[in-house]
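Work through the following exercises with the structure open beside you, and try each task before reading its solution.

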Amino acid sequence: MANKKIYINGLGCISPQPTLDNQSFLEETVSVESNRLKAIDPNYKEFVPPEMVRRMGRIIKMGVAAAKTCLADAGCWSEAEIPPLRGQIPDAIITGTGLGCIEDTEKFLGNMIKNNEEFLTPTAFIQSTHNTISAQIALLIKCHGYNFTYVHRGFSFESAMLDSIMQVESGRASTILLGAADELTTNSFQIQSRLGYWNRKPTESLNLFENLQQGTIAGEGAAFFLLDEKKNPHTYAVLQDVEMLFRPGSTNEITTQIRIFLERNGLTADDINLLILGRNGDIRFDPIYKDVAAELFPTTPSCGFKHLCGEYMTASSFSVWLASRILKEQTVPAVLGVTNEPKSLKNILLYNHYMGINHSLILLSHP
């Protein structure tokens with residue numbers, strides 16, 4: 001539980017849906033018949049100097065665009081102004097990524113094999129490290145503070161979020177740019193397909209939950225949030241708490257931990273107005289969500305989100321963007337297929353797990 005109130009004052013999200021424009025909220029959605037969802041790329045020249053666009057990897061461009069959109073949404077950024085930051089530069093930049101800059105990693109290793117380990121250019125190697133995204137953002141906005149990237153598979157974003165809470169509570173930072181990004185490449189998709197991660201046949205993405213099968217739809221995206229100790233007119237939600245569970249042994253262990261998590265924040269299951277679940281249509285893992293919801297939240301409105309963004313290691317960042325928008329707009333988009341309409345929208349609990357291994361809980365509330 002956060003001892004200080006931490007407000008989410010800005011959002012920026014690039015996903016397979018038109019989410020970068022914070023003026024609209026899933027009125028229009030994209031549905032494809034495939035086993036992979038590709039993020040919608042904006043015109044990156046609007047966010048990155050033209051001379052840098054060509055040399056940047058796609059995931060770096062996604063991260064920069066989402067981060068700058070987040071800062072602009074919070075009233076801190078305007079490209080028209082020099083210097084561009086008219087508000088406070090974030091005290092820290094903390095990000096999470098499951099696989100990092102995998103496109104540049106593949107490019108560097110491919111050139112190493114192709115050129116027999118000779119005549120290699122360093123650009124792809126320099127941009128292949130996992131912290132390149134947060135480092136590039138820091139360079140562009142001239143943030144010289146704490147900069148850290150977590151690479152913990154399905155816990156990557158949650159670890160970054162926990163660090164953010166600790167930085168605020170310890171007094172080391174009052175404003176933090178928190179984010180996550182993961183990209184999907186052809187090679188990584190094929191490798192994970194052989195491991196049984198993805199559907200063998202194309203699936204209509206918006207119908208992902210109707211016919212459970214082994215595997216799901218692969219996804220990608222980048223989401224950033226400006227956390228602040230102070231509430232302002234841009235505030236979306238309050239970040240209350242985050243919890244991680246590694247390989248819980250049973251549904252009973254999960255429900256016990258959820259009860260403890262809620263009690264720690266002065267709540268019970270009845271206080272949750274909306275339950276956002278990380279269901280992905282995989283018959284091996286979705287029953288976990290069903291069992292937990294049936295035992296703890298039998299009458300609580302619930303919905304999924306991965307039919308919109310696909311499955312990836314930091315997909316929970318998309319759900320935080322979604323919950324933040326819901327709390328501010330005080331409405332649940334119809335595309336989410338909520339089980340029953342919430343009477344109020346004060347507390348939202350996000351429960352997600354990645355491949356049944358990394359389980360996480362995130363609690364947001366109305367400011």
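**Exercise 1.** In this predicted model, are Phe-318 and Trp-321 buried or exposed? Then classify the pair that their rings form.

*Solution.* Begin with the surroundings: Phe-318 is buried, and Trp-321 is buried as well. Next, locate the two residues, which both belong to helix α11 (residues 316-329) and stand three residues apart, about one turn of the helix. Finally, turn to the rings of Phe-318 and Trp-321, whose centres are 5.4 Å apart and whose planes meet at 35°, and which form a tilted aromatic pair. These two residues also belong to a cluster in which ring pairs link Phe-25, Phe-305, Phe-318 and Trp-321.

**Exercise 2.** Classify the pair formed by the rings of Tyr-289 and Tyr-351, and find where each residue lies in the chain.

*Solution.* The structure contains nine aromatic pairs. In the pair of Tyr-289 and Tyr-351, the ring centres lie 5.2 Å apart and the planes make an angle of 65°, so the pair is edge-to-face, given that planes over 60 degrees apart count as such. The pair connects distant parts of the chain, since Tyr-289 lies in helix α9 (residues 286-296) and Tyr-351 in strand β11 (residues 347-354), 62 residues apart. To check burial, compare each value with the cut-off of under 20%: Tyr-289 has a relative accessible area of 1% and is buried, while Tyr-351, at 2%, counts as buried too.

**Exercise 3.** Over which rings do the charged ends of Arg-36 and Lys-328 sit?

*Solution.* For Arg-36, the charged end sits over the ring of Phe-189, 4.9 Å from the ring centre. For Lys-328, the charged end sits over the ring of Tyr-236, at 4.2 Å from the centre of that ring.

Terms used
Residues are numbered from 1 along each chain as its sequence is written. This is a predicted model: local features need pLDDT of at least 70, side-chain atom pairs count only at pLDDT 80 or more; totals for chains, interfaces and linings use all residues. Side-chain values use heavy atoms; hydrogens and water are left out. Rings of Phe, Tyr and Trp (its six-membered ring) pair if their centres lie within 6.5 Å; planes under 30 degrees apart count as stacked, over 60 as edge-to-face and the rest as tilted. Helices (H or I, at least four residues) and strands (E, at least two) are DSSP runs, numbered from the N terminus. Buried means under 20% relative accessible area, exposed over 50%, partly exposed in between (1.4 Å probe, protein chains only). A charge sits over a ring if NZ of Lys or CZ of Arg is within 6 Å of the ring centre and within 35 degrees of the ring normal.
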